[in-house]
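Biologist: Can you pull up the model for me? I have some quick questions.

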Amino acid sequence: MITIYGLKTCPYCDYVKEQIKGRGDEFHYIDIGSHVKYMHAFMDLRDNRPEFDHSKEIGDIGIPAFVLEDGSITLDPAQVGLKEYDPNTPSCSISDHKNGKQGC
């Protein structure tokens with residue numbers, strides 16, 4: 001099973017989360033903002049794994065992050081069979097997010 005670390009307010013994460021609906025046998029999504037223990041687990045990975053070096057260099061958080069069964073990490077959705085967020089996709093407004101709209 002692939003573990004995905006994401007955040008409710010991240011449009012890239014929303015896009016990935018929509019793609020894994022109904023695929024709970026393949027993916028486990030963890031919202032790092034839902035509990036401090038999840039944030040801690042993600043920060044431990046981000047602080048100690050070289051896969052996040054580029055994200056940190058450019059000021060990105062590094063989500064969504066995909067942890068494969070063998071413990072390897074990728075930030076590329078295509079490496080786990082998912083589509084990457086298309087910047088030409090219509091964006092959500094703040095009110096869309098407040099109303100629970102996802103996947104945009």
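Modeller: Here is a short walk through the fold, strand 1, one threonine and the cysteines.

Biologist: What kind of model is this, and how are residues numbered?

Modeller: This is a predicted model: local features need pLDDT of at least 70, side-chain atom pairs count only at pLDDT 80 or more, and totals for chains, interfaces and linings use all residues. Residues are numbered from 1 along each chain as its sequence is written, and side-chain values use heavy atoms, with hydrogens and water left out.

Biologist: How many helices and strands does the chain have?

Modeller: Four helices and four strands. Along the sequence the pattern is β-α-β-α-α-β-β-α. Helices (H or I, at least four residues) and strands (E, at least two) are DSSP runs, numbered from the N terminus.

Biologist: Strand 1 next. Is it mostly covered or uncovered?

Modeller: Mostly covered: five of its five residues, 2-6, are buried. Buried means under 20% relative accessible area, exposed over 50%, partly exposed in between (1.4 Å probe, protein chains only). Ile2, Ile4 and Gly6 point one way, and Thr3 and Tyr5 the other.

Biologist: Which strands does strand 1 join?

Modeller: Strand 2 (residues 27-31) runs parallel to strand 1, with five bridges between them. Two strands pair if DSSP finds at least two bridges between them. Tyrosine 5 has isoleucine 30 as its bridge partner in strand 2. The chain gets from strand 1 to strand 2 through helix 1 (residues 11-19), and this β-α-β crossover is right-handed. That term means the path from the first strand over the helix to the second runs clockwise, with the strands pointing away from the viewer. Strand 3 (residues 65-67) runs antiparallel to strand 1, joined by three bridges. There, threonine 3 has valine 67 as its bridge partner.

Biologist: New topic. What does the side chain of threonine 74 reach?

Modeller: The backbone nitrogen of aspartate 76, at 3.1 Å. The threonine 74 side chain also makes a polar contact with the side chain of glutamine 79 (2.7 Å). A polar contact is a pair of N or O atoms within 3.5 Å; within protein, one must be able to donate a hydrogen and the other to accept it, and residues adjacent in sequence count only if both atoms are side-chain atoms.

Biologist: Why does threonine 74 count as buried?

Modeller: Because its relative accessible area is 8%.

Biologist: And how many disulfides are there?

Modeller: Zero (a disulfide is a pair of cysteine sulfur atoms within 2.5 Å). Cysteine 10 is buried at 8% relative accessibility, and cysteine 13 is buried at 0%.
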